[in-house]
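User: I am new to this structure and would like to understand the words used to describe it. Could you take me through the reasoning behind them?

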4 protein chains.
Amino acid sequence: MIKAGILGVSGYTGQELITWLLKHPKISVTRLFSTSIEGKASQLNSSFFHFNELPDVELYSVDKCNDLDLIFLAVPHTKAMAIVSELRLTNRSIRIVDLSADYRLNSVETYESYYNTQHIDADALNNAVYGLPEKYFDAISSAYLVANPGCYATAMILGLLPLSSSNMINMPIVIDAKSGTSGAGKSLKQSSLFCEVHDTFSAYSTGVHRHTAELIQETGFSNVMFSPHLLPINRGIEAAIYVSSSDYSESQLVDMYDLYYKDHPFVQVLPPTNQPNLNMVKNTNHCVIIPKAIDGWVVVFSLIDNLVKGASGQAIQNANIMFGFDQTTGLI
Amino acid sequence: MIKAGILGVSGYTGQELITWLLKHPKISVTRLFSTSIEGKASQLNSSFFHFNELPDVELYSVDKCNDLDLIFLAVPHTKAMAIVSELRLTNRSIRIVDLSADYRLNSVETYESYYNTQHIDADALNNAVYGLPEKYFDAISSAYLVANPGCYATAMILGLLPLSSSNMINMPIVIDAKSGTSGAGKSLKQSSLFCEVHDTFSAYSTGVHRHTAELIQETGFSNVMFSPHLLPINRGIEAAIYVSSSDYSESQLVDMYDLYYKDHPFVQVLPPTNQPNLNMVKNTNHCVIIPKAIDGWVVVFSLIDNLVKGASGQAIQNANIMFGFDQTTGLI
Amino acid sequence: MIKAGILGVSGYTGQELITWLLKHPKISVTRLFSTSIEGKASQLNSSFFHFNELPDVELYSVDKCNDLDLIFLAVPHTKAMAIVSELRLTNRSIRIVDLSADYRLNSVETYESYYNTQHIDADALNNAVYGLPEKYFDAISSAYLVANPGCYATAMILGLLPLSSSNMINMPIVIDAKSGTSGAGKSLKQSSLFCEVHDTFSAYSTGVHRHTAELIQETGFSNVMFSPHLLPINRGIEAAIYVSSSDYSESQLVDMYDLYYKDHPFVQVLPPTNQPNLNMVKNTNHCVIIPKAIDGWVVVFSLIDNLVKGASGQAIQNANIMFGFDQTTGLI
Amino acid sequence: MIKAGILGVSGYTGQELITWLLKHPKISVTRLFSTSIEGKASQLNSSFFHFNELPDVELYSVDKCNDLDLIFLAVPHTKAMAIVSELRLTNRSIRIVDLSADYRLNSVETYESYYNTQHIDADALNNAVYGLPEKYFDAISSAYLVANPGCYATAMILGLLPLSSSNMINMPIVIDAKSGTSGAGKSLKQSSLFCEVHDTFSAYSTGVHRHTAELIQETGFSNVMFSPHLLPINRGIEAAIYVSSSDYSESQLVDMYDLYYKDHPFVQVLPPTNQPNLNMVKNTNHCVIIPKAIDGWVVVFSLIDNLVKGASGQAIQNANIMFGFDQTTGLI
């Protein structure tokens, strides 16, 4: 069994990692780290009560990772950089899956401009692999550090990749995206209170959301209006992608998507007769893509569960690849 | 007091009409008609228990309208046509606000192609006025038949009208819209069940929704991708409108919208710093519009309550205008 | 016009006060006080955008109350005591409606044991009137300080008052109550986050909730199991009251409730054939009571909107009475 | 592999059976029957898209069951009786788990009085075993027909069983229960529409719900007020049980419950410090029980997922026992 640690187990992605890893046949949860709930395993998700094999929650320190083969960093951006650089000095063999944004962008400059903070680990940034298995399977399999993609970024990039070598690459593209509230994390903000989210719907960060950086980097599309919204549900992202184009008939479009993803077990291309519905992906690691060609428009719906394919599930998928397991191990 | 009847009081728009008219100082609810809940006033919305001034619910017949000054038709399309043509023969002075789609489109051909059914009252269709007060105030004031706009159509048209004389008129425009579930009405469909809507989100009628016909007719924009979605909330519509254009600076855009709507009490143009949120309009007759210019894009958010400005509130606004009252009477 | 101030306008009860008072014909909102959103009127509820008659939000100080006739204290317990005692020294004529718990209990000892803190204003405590108009109308009309009841307490006491002179007074009584999440206020607690409340249901403070003190004081029932729950909705309380008793036939029970509340405009006793539903009271100042006698049990459902009859609506009802207005002014 | 059929796959319990059985290592889904969605496998739950091992949906006929070892009947009451009696004539070896109410009650008279319809299969009724493994494990293991308990009944009975030999058996007991809306099934009723359930809360069948019959039969408690409510969530039941009694200290009570359920893998007795929360059981086959002794009251919270332990999960648990598998197979 691979011995894994999780840093940041009090948040939603940390707890989702535990949920899935408890059922994983080849990775065991060996250490749980948290600053906010150290020693309080009881404050882990209430539905873990029937699992008594979980270790206690400890304060993180680098020496506690000596016996680990793998660590998942479920921490905010900027926290991961400091940990990775220290960890690499003491344990050269450990594999790291970082769920923060710190190693997703290829250049220090882009990172600093989008995140308004200094990057302190350019070296590892150069070696990190962007953890989208549908694009970087081989590089992930030999990486020591994988930067798990952003949730919105995963949905948008998977929806656009088959088009990225097309004539559309320079065209204006609208992506109207909607996310469940777990995407905002467990931090205490007024905008995340039940009474502020329930029975309403809102837009935010129109045209300025940070995941735009990953989208541009990974697809090459540059004239994109990415417009995110907050849904009054716990989990799920729908990215609706619109391009004004008559380049493809519907069958050509569908064929192109089918072909692109035929060997990828977690991308389900559904026929255009399907109505996109987040129930299709909730609590699964699947990305459902429904491409349509309608009256001079290409419309692509891309659906994921933001906590699974958009975070913890994809992190495990990456870990599976890093250790040579079938990528679906523990995820189906 | 104007004596008003409501036909179709069992549905959500019928009940919303009652709610607002009970507080209206110049219109009294004189007759309630329904086929499904005839004689069962108790099946009206449970929150009407404290109003004992409501008349009994009757089966509709044309002679029961002889003493009415005004009737609201809250019935499905095709039902309204038959009623209007008969009613006009017996009561030439009654004013009619039709909340169905039967008289919204200017031509029989367009109606028949969008609604797949024959139009049997071309005469009244020619005389009906499209009931968007922000565009047709004068015509409404002298009309005997007003066709109340569709809910999505109201949000989209109000969001686009200030741009309809611009260079954008021939450009590709994306409208990604989201509606609360009351927009689907009270009819028994599996897709309207609580367990099918709650905690999920879905798209439907992508590019083929019937309200597109009203949108094109009233704005002149022709290359529009209208993509509606179903929100797990009761009421509210957000239409997010996207155009790739650098024609306006943000201040020019805001000025243009402010100017266009400065005399319209129910359209609130908010500065671009606001985040659109359906709580801004829920249970009000207001349309909130937030125009933004971002990096080569014009983005306009248009918000309404689908049961108020998108249906029953706008119907009362139209009735106010038809009878020479201030258009806000009973609505603020 | 009565000049009113509101202290604590950033919270849900403060904002609900504004919403109702903006429509009140005899009370004008003259001053808004808040420590957290001082100077930021824009952070008031987003749906206030169309009201420009609101004053700016100021930091509270006692001298800013010199010109006020009335002040509503929408602050946490312990904060109100300090304000009331200071305010009485400088403005003997101001009327105060305190929405906190500080003046609800008749004895300093009871207060201190339930709230685990010292009471510093025994003098005003002795003069304060418990603001349940259905019980203390006359005393409220001449009070300078009214202690607005707790939300759960209002629902429970109104449901029990007609039985408080019966043989049941010493019997064991179960009250299983459920409240919308606005009852927890707007403070930042993990348990109030959307993802913690949505799509689930939980019990808390079983048998130990502080509102038990008001319940016992005002009804005389002493052997009560009060068991509150959190509902995944914004507003509304259902208190289900159960007593094992065959003392009354259903018609006797209904008659007793009808008689007790016949002159009280905000209590609606509905026949036992009705199914209690929070939609009956949402956004109204009504308390709906449905008494049933079933197979040896008396069951009483008592429903209110926790932010209206359970807080701000009742506060305005009390203010109406204090100033000699009809108690329903601005509330229907 | 055991070959299983499911009759009634269009409903929520039918679809839940499929969800769990697709992961079951020893039972394979061999036949799917439905009258409403015959031939339309695509109308099965949208999240089944990635399972292509499912058979087509057929119209039921008894001869199609010849090769089955097991059948689950997920049909309304009265439908099951006709099917069971016919099926037994043609396939004596098939095991049947009936999720309807037809075989739950021990006597024809009780059934007929609670369900207002004739029982046509008294013979099988006498042989059927009440499918609560925590009480009837041995009988289930040798039964050919198991009557799967009602959802509310499961929660209430498990919460009361440890007390059923106590002095409380004749005392008045209140059970205030709350269920997610999937408990109302997928049939088209106005009361199940999203807009009727969302953002509200209601009581129904107070004191007259049919599951009372199972409760009395299986626990012996006779003076019970069972008061069900509808929650605006998809799944989950909380039964809050209240008895006025000082017979047990909290530690005695907890010990009694711990002892009673120590060998039952799907009942989790949690210490009284826990706050009952439906997230503890959602999507699991666990029943969580939290017993408390508070000031002269015994309070027991019993939580299940109504579609799992309250229906399809328990049905599979029963099937596991009937075929000699570990009862947790495929359920953890």
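User: Where does D:Leu160 lie, and why is D:Leu160 called buried or exposed?

Analyst: This is a predicted model, and in it D:Leu160 sits in helix 6 (residues 151–160) of chain D. A residue is called buried if 20 or more other C-beta atoms lie within 10 Å of its own. D:Leu160 has 26 other C-beta atoms within 10 Å, so D:Leu160 is buried.

User: What does D:Leu160 touch, not counting residues up to four places away in sequence?

Analyst: Those partners are D:Thr219, D:Phe221 and D:Ile241. As for distance, D:Leu160 and D:Val300 are 140 residues apart along the chain, while their C-alpha atoms are separated by 8.1 Å.

User: Let's turn to chain B. What makes B:His211 count as buried or exposed?

Analyst: B:His211 has 24 C-beta neighbours inside 10 Å. The cut-off for buried is 20 or more, so B:His211 counts as buried. Its place is in helix 8 of chain B. Leaving aside neighbours within four places in sequence, B:His211 is in contact with B:Gly150, B:Tyr152 and B:Ala153. The C-alpha atoms of B:His211 and B:Gly131, 80 residues apart along the chain, are separated by 14 Å.

User: Why is helix 8 of chain B described as mostly covered?

Analyst: Of the nine residues in this helix (residues 211–219), seven are buried. They are B:His211, B:Thr212, B:Ala213, B:Glu214, B:Leu215, B:Glu218 and B:Thr219. The elements covering them include helix 3 (108–115), strand 6 (129–130), helix 5 (133–141), helix 6 (151–160) and strand 10 (224–230) of chain B. After helix 8 of chain B comes B:Gly220, with a positive phi near 85 degrees.

User: How do you know whether B:Met280 is buried or exposed?

Analyst: By the same kind of count: B:Met280 has 27 C-beta neighbours inside 10 Å. Set against the cut-off of 20 or more, that count makes B:Met280 buried. B:Met280 is found in the loop between strand 12 (267–269) and strand 13 (287–294) of chain B.

User: What makes A:Ser205 buried, exposed or partly exposed?

Analyst: A:Ser205 has 15 C-beta neighbours inside 10 Å. Buried needs 20 or more and exposed needs 12 or fewer, with partly exposed in between, so A:Ser205 counts as partly exposed. A:Ser205 is placed in the loop between strand 9 (202–203) and helix 8 (211–219) of chain A. Although not a glycine, A:Ser205 has a positive phi of about 50 degrees.

User: And what about C:Asn116: why is it called buried or exposed?

Analyst: C:Asn116 has 8 C-beta neighbours inside 10 Å. The limit for exposed is 12 or fewer, so C:Asn116 counts as exposed. C:Asn116 is in the loop between helix 3 (108–115) and helix 4 (122–127) of chain C. Its phi is also positive, near 55 degrees, in a residue other than glycine.

User: How do you know that helix 10 of chain C falls short of a straight helix?

Analyst: Helix 10 (residues 308–322) has 15 residues, and a straight helix would reach 21 Å at 1.5 Å a residue. The end C-alpha atoms of helix 10 of chain C are only 18 Å apart. The helix also has a kink of about 45 degrees, centred on C:Gln314. As for cover, 15 of its 15 residues are buried.

User: Why are helix 6 and helix 10 of chain C called roughly parallel, antiparallel, perpendicular or oblique?

Analyst: Their axes come within 8 Å and cross at roughly 100 degrees. Angles of 65 to 115 degrees count as roughly perpendicular, and therefore helix 6 of chain C and helix 10 of chain C are roughly perpendicular to each other. Where they meet, C:Cys151, C:Thr154 and C:Ala155 in helix 6 face C:Lys309, C:Gly310, C:Ala311 and C:Gln314 in helix 10. These contact residues divide into three nonpolar, three polar and one charged.

User: Finally, how many residues do chain C and chain D bring to their contact?

Analyst: Chain C gives 36 residues and chain D gives 36 residues. On the chain C side, strand 11 supplies the largest share, four residues. That side divides into 17 nonpolar, 13 polar and six charged residues.

Key:
Residues are numbered from 1 along each chain as its sequence is written. Chains are lettered from A and ligands numbered from 1 in the order in which they are written. This is a predicted model: local features need pLDDT of at least 70, side-chain atom pairs count only at pLDDT 80 or more; totals for chains, interfaces and linings use all residues. Two residues are in contact if their C-beta atoms, placed from the backbone, lie within 7 Å. Helices (H or I, at least four residues) and strands (E, at least two) are DSSP runs, numbered from the N terminus. Ala, Val, Leu, Ile, Met, Phe, Trp, Tyr, Cys and Pro count as nonpolar, Asp, Glu, Lys and Arg as charged, and the others, Gly among them, as polar. The expected span of a helix is 1.5 Å times one less than its number of residues. The bend at a residue is the angle between axes fitted to the seven residues ending there and the seven starting there. Axes are lines fitted to C-alpha atoms, for helices over the stretch in contact, and angles run from 0 to 180 degrees between N-to-C directions. Angles under 35 degrees count as roughly parallel, over 145 as roughly antiparallel, 65 to 115 as roughly perpendicular and the rest as oblique.
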